[in-house]
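Got your viewer open? Let's take a short walk through this model, one selection at a time.

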Amino acid sequence: MTRPCAVRHGRALPGRTAVDKRPIIEPFRIHTVQAIAMPSRDVREEALRRSHYNLFGLRAGEVTIDLLTDSGTGAMSTRQWAGMMLGDESYAGSSSFFRFEEVVRDLTGFSEVIPTHQGRAAEKILFATLVDDGQVVLNNNHFDTTRANVEYRGAEARDLVAAEGNDPALVAPFKGDMDIDALRSSLEADGDRVPLVMVTVTNNAGGGQPVSMANLRAVRELCDEYSVPFFLDACRFAENAWFIKTREEDYADMTPKQIAQEMFSLADGCTMSAKKDGLANIGGFLALNDERVASECRNLLILTEGFPTYGGLAGYDLEAIAQGLIEVLDEDYLRYRTRSVEYLAEKVLPGASRSCSHPAVTPYSWTPGRCCPTFHRRSTRPIRWLSSSIVRAGSAESNWGPWLSAYRRRMVPTSQPPWSWCAWPFPAACTPRATSTTWPRWCSTWLPERDRWADTASSSRRPG
Ligand SMILES: Cc1ncc(COP(=O)(O)O)c(C=O)c1O
């Protein structure tokens, strides 16, 4: 069945049929259970005070539903766990590496595959190899660690997301697209200072919005014209492929894998955090075609990560990632993933924030506060909204805020409350993959209550 493209509030994207609002059955059965905390109100309030209302300061045992991040928080499948038992821990040439390499090559088409312990390690190694002081890296939106790694090299991290991506209230299919005119202008003006162009799929720092194939193709053409390498930040390549399948002309009959392969074929390489669409709890990789660059990257890899056939990971991690990269492209899984987040957003957003109409319904996050005028700087409302003791979420700029700000200003201790370092304290709720069957329903009934609570007159300002 081809489901129509769905956007919250039952509105369909232009040219698409109305949204199917039925709930969806999870395409999996629960195999193992893990208890979660159900703390009393007193305990929750005390935990909030102790953490200075900084949700990063809460302990996992104080949170019932954790929407802080989708990174590494998902449940693994039986086949991934089984794969882990096959892990080969040989220091060099482990068979787990060769399985991993084969899967990554088959998916991406890139010949050089370099495992890393996380996505940021891949970024660090790539930028240390390609980026120099005074250069400019162009991206739709740099994720925080990507920006930090670019700036750490003394270069400028320039965001060129299309105007649509900056309008939270706009309903549009591909709000993660790069602004092609702005890209041309930047290449024209600074071409000799641009060591690479990146596109982040989906565009995490822009609310997890997808990027169209047409846009990737246009970026490729410009990179060819100006002879600049083009890399994908591919953390959520499968979710992006699903959006292309369901939203872009001509892709409805292709499999997510075929679409992902086409996306990768347009680039010269990618960085990847396997903690997202690798469906693993840890891991990442750098993959590319340029043998010379790859060889320099491997030298750095040895310095900080490990030997090129394990790169900071155990053999069993490589097995889990290899299997995850296969399973993440399953259509039933991607349909469930998208639909469960849409369901939550449909139920929560209308009541959650009356002045908010952000339609960022992506498989990974929805950002209820971005456009909400009452969520102004130094207001504790978003924090209170989310930290209403049970649900924890990140905030648009706070995900890596403490670290990044501390790096930039070299002064802010992470123990300070979020409003001291968070420029835009808008909540971004990230949904873990395949961890619970009932949380969307649960959150959909409770989060609107939280909104009322956060709205009470005495709570709209920073507590003393
Ligand atoms: C788009 C994007 N790029 C890079 C990273 C960094 O990956 P990692 O957390 O594995 O270092 C993340 C993590 O959230 C991300 O979302």
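Select threonine 309 to start: it counts as buried because it has 23 C-beta neighbours inside 10 Å. (Buried means that 20 or more other C-beta atoms lie within 10 Å of a residue's own; 12 or fewer means exposed, anything in between is partly exposed, and C-beta atoms are placed from the backbone.) Keep in mind that this is a predicted model, where local features need pLDDT of at least 70 and side-chain atom pairs count only at pLDDT 80 or more, while totals for chains, interfaces and linings use all residues. Residues are numbered from 1 along each chain as its sequence is written.

Now show the cartoon. Threonine 309 sits in the loop between helix 10 (291–304) and helix 11 (315–327). Helices here are DSSP runs of H or I with at least four residues, strands are runs of E with at least two, and both are numbered from the N terminus.

Next, add Ala92, Gly93, Ser94 and Phe97: threonine 309 touches them, leaving aside residues up to four places away in sequence. Touching means that the C-beta atoms, placed from the backbone, lie within 7 Å. Then pick serine 95, which is 214 residues from threonine 309 in sequence but 9.2 Å away in space, C-alpha to C-alpha.

Move on to the ligand. Which residues come nearest? Of the 14 around the ligand, they are Gln118, Gly119, Arg120, Phe143 and Ser273. Being around it means having a C-beta atom, placed from the backbone, within 6 Å. Colour helix 4 (119–130) and helix 5 (144–152), since each supplies at least two residues of this shell.

Finally, zoom out: the protein chain has 15 helices and 11 strands, and 52% of its 464 residues count as buried.

Methods:
Two residues are in contact if their C-beta atoms, placed from the backbone, lie within 7 Å.
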